[in-house]
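Colleague: Could you walk me through the cross-links in this one? I'd like to go pair by pair.

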Amino acid sequence: MKPSLFSRSGLKNTPHSAPLTASLDVEGGTSASTMERSLKNVLVVSFGFLLLFTAYGGLQNLQSSLYSEHGLGVATLSSLYSAVLLSSLFLPPILIKRYGCKWTIAGSMGLYVAFSLGNFHANWYTLIPTSILLGLGAAPLWSAQSTYLTVMGNSHAVKVGKLGKDVVNHYFGIFFLIFQSSGVWGNLISSLVFGQTPTQEAIPEEQLVLCGASDCLMATAATNSTQRPSQELIYMLLGIYTGSGVLAILLIAMFLEPLEDNQQKSEGEKRSSPPFWSTLLSTFRLFRDKRLCLLILLPLYSGLQQGFLSGEYTRSYVTCALGIQFVGYVMICFAATTSLCSLLYGKISQYTGRTALYLLGAATHLSCIIALLLWHPRSSQMAVFFLLPGLWGLSDAVWQTQNNALYGILFEKSKEAAFANYRLGEALGFVIAFGYSPFLCISTKLYILAGVLSLTMVAYGVVEYLESRDTGKALAEGETSHAEEGEVQTEM
């Protein structure tokens, strides 16, 4: 309507129209420039994590297979996630406030590279210390990444007049599209390198009976399907992974823009930095928020389900029935589905809302759990081995994108502490999954997953109810205040 009003009033032909048009052009150009700058930084973070986790993801999946002697591989993973637990409690808020998101990400990536180097001469004195270092860097790395994308998304939303949650969801969707594809490349590299190992013998029928949910307390017999690759092939793979990690650090250090002070801090925070112990205990203090206490089940379940897929499904279903040479290809299917769905969810969440996506993820995961309980895997059912990880990835994309966005939106004023708590819960899920792995049957682990998933969705529903109630109260108070102002003006 404004152009027609300008035309009828004659403003279109006045000298004042030129400055007006110029200002609009400048504003539009500034908005486009801001969008390009924000998107560039999101892509830098995303590709940095892609390079890093192409190396780490593939290496993590091989720990228990490469270093099975005396349980070294399992001990390495247990040490790693125990260190993540400790790190989540203390380090993220301190490091992010002191060094900023950019250098926290770059420094933490260096600890991941140290773990790759430790694998060149794998023993108890190299793997355990480097896995602890990696674990200490994991929580600051992910907390800084989540904080960076949340701050960048909210800042861009203010400048272009969009809802912050929509932009944040979109940014996390882009990130996880690129990041989750690291599972494709990491597993593809390991499959191609180790594919040069001599062909293994067929798996006997006696072992197939004990595969799947029937696997109880590692009942499956060891076969030459778990044959160790040659040392030359292991060194080749480690060299590729280490180079990928170094490239990730260089990408972040050279091209990622640090957050401006006015983006990350309020004016009050600029004047005085919080005391050391205040920052240190911020992670614990956030538990006074009942929403966080309820939501802690979300990352806990995320860690449990990832631990089950990478540990139990790959061993008791894939390796048991097909052989270890198929593990990489099956995990590629999972990673590709998670990657594509992450982008999709980031785009459609503004139309469907996050509740619909959470329900989709929960229903799909529950269906997969039931299928795994009933299925008796056989090599003739090749499509099923790939279908189930694909469906699992469809659900995993919900937890990865929506959990991060939800924490960023609900705890906007305490983002560092909130994301530290998120990594704490996820690490706890991994520790529990790896901890009870040698002691419980596969069927029992599936029942545990189903139970935790049910409790998680109930807790999430309570949080959504509390949020909608508080929003309704705020709107009602705003309408009442507006009505009172109208009455005062009428009286005057």
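Colleague: How many disulfides does the count come to?

Modeller: Bear in mind that this is a predicted model, where local features need pLDDT of at least 70, side-chain atom pairs count only at pLDDT 80 or more, and totals for chains, interfaces and linings use all residues. Residues are numbered from 1 along each chain as its sequence is written, and side-chain values use heavy atoms, with hydrogens and water left out. A disulfide here is a pair of cysteine sulfur atoms within 2.5 Å. By that rule the count is two.

Colleague: Which residue does C211 join in a disulfide, and how far apart in sequence are they?

Modeller: The partner is C320, at 1.9 Å from S to S. C211 sits in the loop between α7 (205–208) and α8 (231–255), while C320 is in helix α14 (residues 297–321); helices are DSSP runs of H or I, at least four residues, numbered from the N terminus. So the pair links distant parts of the chain, C211 to C320, 109 residues apart.

Colleague: Is the disulfide of C211 and C320 left-handed or right-handed?

Modeller: Go by the torsion about the S-S bond, which is about -80°. That torsion is why the disulfide of C211 and C320 is left-handed.

Colleague: And in the C216 to C441 disulfide, is C441 buried or exposed?

Modeller: These two are joined with S to S at 1.7 Å, C216 in the loop between α7 and α8 and C441 in the loop between α18 (415–436) and α19 (442–491). Buried means under 20% relative accessible area, exposed over 50%, and partly exposed in between (1.4 Å probe, protein chains only). C216, at 30%, is partly exposed. C441 has a relative accessible area of 18%, so it counts as buried.

Colleague: Which residue meets E467 in a salt bridge?

Modeller: A salt bridge is a side-chain nitrogen of Lys or Arg within 4 Å of a carboxyl oxygen of Asp or Glu, and the structure holds five. E467 is in helix α19 and its partner is in helix α13 (residues 290–295), 176 residues apart. At 3.0 Å, N to O, that partner is R291.

Colleague: How many residues apart in sequence are E312 and K445?

Modeller: Their closest N and O atoms are 3.0 Å apart, in a salt bridge. E312 lies in helix α14 and K445 in helix α19, so the pair ties together parts whose separation in sequence is 133 residues.

Colleague: Which residue forms a salt bridge with R354?

Modeller: R354 is in helix α16 (residues 354–374), and its partner is in helix α19, 110 residues apart. With the closest N and O atoms 2.6 Å apart, the partner is E464.

Definitions and conventions: Helices (H or I, at least four residues) and strands (E, at least two) are DSSP runs, numbered from the N terminus.
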